[in-house]
Amino acid sequence: MMIRNVTAIALLTAALFGALPGAAATPALAAAAECGVRSDGKLYCGNTPNVTLSYDASYQTAETGVLTSSFSWFQCWVEGGPHAGGNSIWYLAAGDKAVPPYRGWGFLPAVHVATAHDPAPGLRECTLADYDLIGP
């Protein structure tokens, strides 16, 4: 009986501190494992931190911002230039840092977003109005 209690306490402690695969120590870690479109229509998903955002869905356009976080929300998607992810889907995000004269909004290739499928199911395609967010 004592060994079973010690084992249970050890497993609980490991789960609380994130030592077990798939265990979430905090709500922030649980959120980072999420990747899906919420009721507000935006995609919330893990992403590569410190990624440059582009004015258009291509590597050949101006840098508009930097997404420093590793969990972000994405407004919409477009089809653009091919990237290392094996497709040409790009997501529009609000960067954590702006590159003047832009507002910080821009596109990043889907290879940097932890989606299972691209475009993410349920996320809308960008419209011309979404491009207005980028500026200048």
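## Ser72 and its surroundings

Ser72 sits in strand 5, residues 71–79 (strands are DSSP E runs of at least two residues, numbered from the N terminus). This is a predicted model, where local features need pLDDT of at least 70, side-chain atom pairs count only at pLDDT 80 or more, and totals for chains, interfaces and linings use all residues. Residues are numbered from 1 along each chain as its sequence is written, and side-chain values use heavy atoms, with hydrogens and water left out.

Ser72 counts as buried because its relative accessibility is 8% (buried means under 20% relative accessible area, with a 1.4 Å probe and protein chains only). Setting aside neighbours within four places in sequence, Ser72 is in contact (heavy atoms within 4.5 Å) with Leu43, Tyr44, Cys45, Asn47 and Leu67.

## Thr64 in strand 4

Thr64 belongs to strand 4, residues 63–67. Thr64 is buried too, with a relative accessible area of 0%. Beyond four places in sequence, its contacts include Leu53, Tyr55, Trp105 and Ile134. Thr64 and Pro101 are 37 residues apart in sequence, yet 8.0 Å apart in space, C-alpha to C-alpha.

## The nonpolar cores

The largest nonpolar core (buried Ala, Val, Leu, Ile, Met, Phe, Trp, Tyr and Cys residues joined through side-chain atoms within 4.5 Å) has 15 residues, and Leu43, Leu67 and Phe74 are among those with the most contacts inside it. Strands 2 (43–46), 3 (51–54), 5 and 6 (89–94) each give two or more residues to this core. Strand 6 provides the largest share, 3 residues.

Apart from this core lies another, of 10 residues, including Ala57, Cys76, Trp90 and Leu92.

Definitions and conventions. Helix = DSSP H or I, 4+ residues; strand = E, 2+ residues; numbered from the N terminus. Buried < 20%, exposed > 50% of the residue type's maximum accessible area, 1.4 Å probe, protein only.
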